[in-house]
Amino acid sequence: MKIPFADFTPMHRELRDTMMNTFAEVYDAGWFIGGKYCREFEKEFAEYCNVPYCIGCGNGLDALHLILEASGIGAGDEVIVPAQTFIATALAVTYAGARPVFVDIETEYYCMDPEKLEAAITPNTRAIIIVHLYGQVGRFEEIKAIADKHGLMLIEDAAQAHGATYKGRPAGSLGDAAGFSFYPGKNLGALGDAGAVCTFSPEIANRVRALANYGSHTKYVHEYRGFNSRLDEIQSAWLCVKLQHMDKWHRDRERIAQRYLLGISNPAVKLPRLNHDAKHAWHLFAVLVENRELFEAHLDSHGIGHQTHYPFAMHMHQAYRDLGYSEGDFPVAEMNAAQEVSLPIYYGMSDEQIGYVIDVVNRF
């Protein structure tokens with residue numbers, strides 16, 4: 001049996017007619033930027049995240065960058081980010097002209113370790129970006145308490161956390177502002193790049209909307225030195241369609257994850273731990289295996305797709321070697337980078353496919 005790491009076919013087959021009709025509506029309307037579908041998606045996604053403001057933009061990296069720019073964070077400032085995440089989290093800080101400062105992750109949920117956070121704060125620190133890695137919120141209240149104590153902005157990188165919650169509150173509504181990605185592989189994915197900023201702050205929302213539109217609220221009147229990062233009408237319309245199915249898709253991911261958690265019993269494979277204060281979005285089902293190469297070869301030999309997220313901790317990228325960090329500075333992040341393997345989890349996996357993955361993993 002061959003099982004891909006991800007397969008959009010079951011999802012897209014069910015939506016095909018609606019998506020094609022929606023495309024025709026946008027095409028025939030002849031309005032492709034900043035129209036009614038973008039406004040509709042922003043309204044609906046804001047309601048989904050239980051925030052008053054949502055501003056669509058070009059991608060998840062832009063969403064974080066726009067939040068930082070809108071908050072006046074720039075040259076001379078420091079922003080704390082986890083030492084293990086996708087590089088976009090740090091790139092957003094760099095784009096704003098600030099310096100990313102890395103903090104190790106904790107061993108339970110692989111999110112920023114609050115016990116190591118305070119030591120990284122300096123007089124130049126302006127913000128903390130927390131990442132809900134793989135789709136689960138970590139030790140949020142502890143991190144928020146530290147942010148509040150030091151008067152720091154708290155930003156969510158929720159690119160993997162569509163549908164996740166913490167104590168009943170949706171990801172995207174926990175910090176001062178949140179950046180989302182709708183890259184096609186996300187739980188809520190466009191058919192191309194797309195992103196959004198969610199926030200409770202009318203000031204941040206107002207500035208983000210202008211900054212993403214060349215620094216302008218009114219055509220040819222530019223308040224800021226802005227950017228071009230706008231969510232187009234076609235992607236907006238398709239996201240409106242897909243958002244209506246998000247909860248159903250999440251329930252299916254939960255079904256698969258629970259089968260894995262109950263069925264995988266191989267002591268060589270460390271399963272994800274669940275934060276009982278949170279609801280996991282299961283963007284990824286990430287396991288840790290000490291001998292990753294042998295495990296990946298085993299999966300390959302049995303036709304099971306897999307990926308690694310992410311094989312280099314942040315400070316080990318050549319792009320950030322100039323920050324002065326060294327190997328060994330963030331041991332949990334480095335361990336995670338060396339051992340993580342993501343197993344298949346996607347809407348529409350059959351019981352037979354799930355059972356096959358469990359059997360193969362247990363036979364490693």
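How many salt bridges does the count come to? The count comes to 17. The model you have open is a predicted one, and the tour starts with three of these pairs before moving on to the pockets.

**Stop 1: D77 and R126**

Select D77 and R126 and show their side chains. The two form a salt bridge, with 3.0 Å between the closest N and O atoms. D77 sits in the loop between α3 and β2 (78-82), while R126 belongs to strand β4 (residues 125-131). The pair links distant parts of the chain, 49 residues apart. Now turn on the surface. Is D77 buried or exposed? D77 has a relative accessible area of 14%, so it counts as buried. R126, at 32%, is partly exposed.

**Stop 2: R273 and E108**

Next, select R273 and E108. Their closest N and O atoms are 3.4 Å apart, and the two residues form a salt bridge. Colour the flanking elements to place them: R273 is in the loop between α9 (246-263) and β12 (278-279), and E108 is in the loop between β3 (99-103) and α5 (114-117). Because of these positions, the pair ties together parts that are 165 residues apart in sequence. R273 is partly exposed, with 46% relative accessibility. E108 is also partly exposed, at 25%.

**Stop 3: R139, E115 and their network**

Select R139 and E115. This salt bridge has its closest N and O atoms 3.1 Å apart. R139 lies in the loop between β4 and α6 (140-150), and E115 lies in helix α5, 24 residues apart. The two ends are not alike in accessibility: R139 is buried, at 18% relative accessible area, whereas E115 is exposed, at 64%. Extend the selection to D104, D113, K116 and E142. Together with R139 and E115, these residues are linked in a network of salt bridges.

**Stop 4: the largest pocket**

Clear the side chains and centre the view on Y183, G185, K186, H283 and Y310. Of the 36 residues lining the largest pocket, these are the closest to its centre. The space in this pocket comes to about 680 Å³. Which elements give two or more residues to its lining? They are α3 (60-70), α4 (88-95) and β8 (177-181). Colour the lining by residue class, and you should find 19 nonpolar, twelve polar and five charged residues.

**Stop 5: D193**

Y183 leads to the next selection, since D193 touches Y183. D193 is placed in the loop between β8 and β9 (195-199). Leaving aside residues up to four places away in sequence, D193 also touches G58, N59 and Q235. Add S181 and draw a C-alpha to C-alpha distance from D193: the two are 7.9 Å apart in space and twelve residues apart in sequence.

**Stop 6: the second largest pocket**

Finally, select G34, C38, R209, N213 and R230. The second largest pocket holds about 300 Å³ of space. It has 14 lining residues, and the five just selected are the closest to its centre. Which elements supply at least two residues of this lining? Both α2 (36-49) and β1 (53-57) do. The largest share, three residues, comes from α2. By class, the lining of the second largest pocket divides into six nonpolar, four polar and four charged residues.

Note on methods
Residues numbered from 1 in each chain as written. Predicted model: local features only at pLDDT ≥ 70, side-chain atom pairs only at ≥ 80, totals over all residues. Heavy atoms only, no water. 1 Å grid on protein atoms, 1.4 Å probe; cavity = no way out; pocket = protein on both sides within 12 Å on 5 of 7 lines; lining within 4 Å. Points joined across faces, edges and corners; volume = space filled by probe spheres on them. Helix = DSSP H or I, 4+ residues; strand = E, 2+ residues; numbered from the N terminus. Nonpolar A, V, L, I, M, F, W, Y, C, P; charged D, E, K, R; others polar. Contact = heavy atoms within 4.5 Å. Salt bridge = Lys/Arg side-chain N within 4 Å of Asp/Glu carboxyl O. Buried < 20%, exposed > 50% of the residue type's maximum accessible area, 1.4 Å probe, protein only.
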